[in-house]
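Colleague: Could you take a close look at one part of this model for me, and then show how it fits into its surroundings?

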Amino acid sequence: MKYINKTDAVLLLEDGTVFRGKSIGFHGTRGGEICFNTGMTGYQEVYTDPSYYGQIMVNTNAHIGNYGTMIDETESGSPKIFGVVINSFSENFSRFTADGSLQSYLEQHQIPGICDVDTRSIVRHIRDKGTMNCIISSEIHDISELQKHLDEVPSMEGLELSSKVSVTEPYEIGEPGGIKLVVMDYGIKTSILNQLAGRGFHCKVYPAKTKFEETEKWEPNAYFLSNGPGDPAVMDYAIETAKQIIDSDKPLFGICLGHQLIAKANGIGTYKMHNGHRGLNQPVKNLLTGKGEITSQNHGFSVVSEDVDKSELVEITHINLNDNTVEGLKMRNKKVFSVQYHPESSPGPHDSRYLFDQFISLIN
Ligand SMILES: NC(=O)CC[C@H](N)C(=O)O
C-alpha cells in the first residue's frame, strides 16, 4: 500500500490551524469550505455528488480508496468536491468490479488531497469552531504564502453555485407515456433521476435558470426541484420559479436544495448551520406517521423552524432527532412537499424511498 505521490502536503484552515501530511490525488493547490462526512461507505458517490461543489471533504472513515472506483457508482460525470482529507489512503484496491484506483481517478480529474493526517482531530476542531474555509497544497509549503491563496477563497454563505453544475441543454429520461415531470437541475444526483425514471416518470431535465414559462410549454403534470450546491438564500431566479410552480397548483416535490427553495418561496428563511449534516445515519422522525427513518444527508444550510411555525401555508412533516432541525415540509392546501435529506440514499440506507411513491400517489 504505497502512494505514487509521496510529497509533503499542507492543510491550512481559515483560523490559522495547520495540519501536515502527504499528498494524494492531483499535485497542486485548491481551497474550499472544509466539511466532514461520517459515512462508512460510498466515497465515490459522495465525491461526485454535485451538492459538494466548492467543498473539501474530510472522510471520518479511516480507510479510503480500498475498493477503488467504478464508473457505475458516480452521481455525476466527475468528482465535484474540490479536495479530500483522508487518514489512511489506499492506492491499492481490491474489488473485482472496480475499474481503477482512487488515486488515478482523483489525478485524472485534478482533485488534490492530503492523507496521513489525524482526521479525528480535524473533525473535532471544526465541530467545535464551526464550518470554515481551508486550502490544501502539495506545492506551497510556506504558510504565509498559502494564506494569501486561502484569503481569495469565497465564503459559502452568499454563493450561487447551481448554475456551475447544472446541465446546459434540456434532456429527457424515463418512459414516454409516463407522468410528465419537469426536473429543475440545480446539481442533481444521477440516482435521484434513476429513482424517478424507475417509477415510470417521463422526466425532462432543465438547466437551473430555465424560466417557468419555458418548462410549461412541455405541458408537464408535475415538477421536481433537485438538490444542489451553494446558498439557497441568494438563488432569486430559483425561488421565483418555485413560486410560479406553487401558484400553478401542479404537484411539486423538492429534495435538499429543492426543499430550501420551497421554503424560501413561502417566505421562510434559511441559515448557515454551525456544522452541516453529512453522513448516512441521521435519525429523522416523520411527524405524520410517527415512524423513524435513518437517512442519508448532505447539507450545510437549513430552514428556520420558527418561520415555519408562524406560516399559515406550510407545516413541518419531519424533524431531525439529533438536533430538532426541520427535515421535511408540506404545504397545507397544495400538492407540495419536500425533504432536507436524501431519500434516493446513494450511498445510504433505503428507509426513505417511500417518498418517491408518495409523490406518485399525490399526483394521482
Ligand atoms: N444536498 C443539497 O442539496 C445541499 C443544499 C445546500 N447547498 C446546503 O448545503 O444546504
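Modeller: Happily; let us start at helix 6, residues 190-198, where T190, S191, I192, L193, Q195 and L196 are buried. Buried stands for 20 or more other C-beta atoms within 10 Å of a residue's own, exposed for 12 or fewer, and partly exposed for anything in between, with C-beta atoms placed from the backbone. Helices (H or I, at least four residues) and strands (E, at least two) are DSSP runs, numbered from the N terminus. This is a predicted model, in which local features need pLDDT of at least 70 and side-chain atom pairs count only at pLDDT 80 or more, while totals for chains, interfaces and linings use all residues. Numbering starts from 1 along each chain as its sequence is written.

The cover over the buried residues of helix 6 includes strand 10 (171-174), strand 11 (180-185), strand 12 (202-207), strand 13 (222-225), strand 14 (252-255) and helix 11 (354-363). After helix 6 comes G200, with a positive phi near 90°.

Now for the wider setting. The domain assignment, which is automatic or taken from a database, splits the protein chain into domain 1 (8-151) and domain 2 (162-363). Between the C-alpha centres of the two domains there are 27 Å. Where they meet, 22 residues of domain 1 are in contact (C-beta atoms, placed from the backbone, within 7 Å) with 21 residues of domain 2. On the domain 1 side, strand 3 (29-37) and helix 3 (119-129) are the elements giving two or more residues, and strand 3 has the largest share, with 3.

The largest nonpolar core has 45 residues, and L181, V183 and L261 have the most contacts inside it. Such a core is a set of buried Ala, Val, Leu, Ile, Met, Phe, Trp, Tyr and Cys residues joined through C-beta atoms within 7 Å. Helix 9 (residues 257-265) is its biggest contributor, with 5 residues. Beyond four places in sequence, L261 is in contact with L225, P232, M235, A238, I239, A242 and G254. A second, separate core has 40 residues, V84, I86, F89 and I136 among them.

Strand 14, part of the cover over helix 6, also leads to a site worth a visit: C256 sits in the loop between strand 14 and helix 9. The unreviewed UniProt entry annotates C256, H342 and E344 as "active site"; such annotations may be inferred rather than shown by experiment, and their positions follow the numbering used here, with feature names shortened. These residues are spread over 89 residues of sequence, yet they cluster in space, with a largest C-alpha distance of 11.3 Å. C256 counts as buried because 28 other C-beta atoms lie within 10 Å. Apart from residues up to four places away in sequence, C256 touches S51, N227, H299, Q340 and H342. H342 itself is found in the loop between strand 19 (336-339) and helix 11, and H342 is buried because it has 25 C-beta neighbours inside 10 Å.

C256 also belongs to the ligand's surroundings, together with S51, N227, G228, P229, G230, L257, G276, N298, H299, G300 and F301; a residue is included if its C-beta atom, placed from the backbone, lies within 6 Å of the ligand. Strand 16 (residues 292-303) gives the largest share of this shell, 4 residues.

Definitions and conventions
Two residues are in contact if their C-beta atoms, placed from the backbone, lie within 7 Å.
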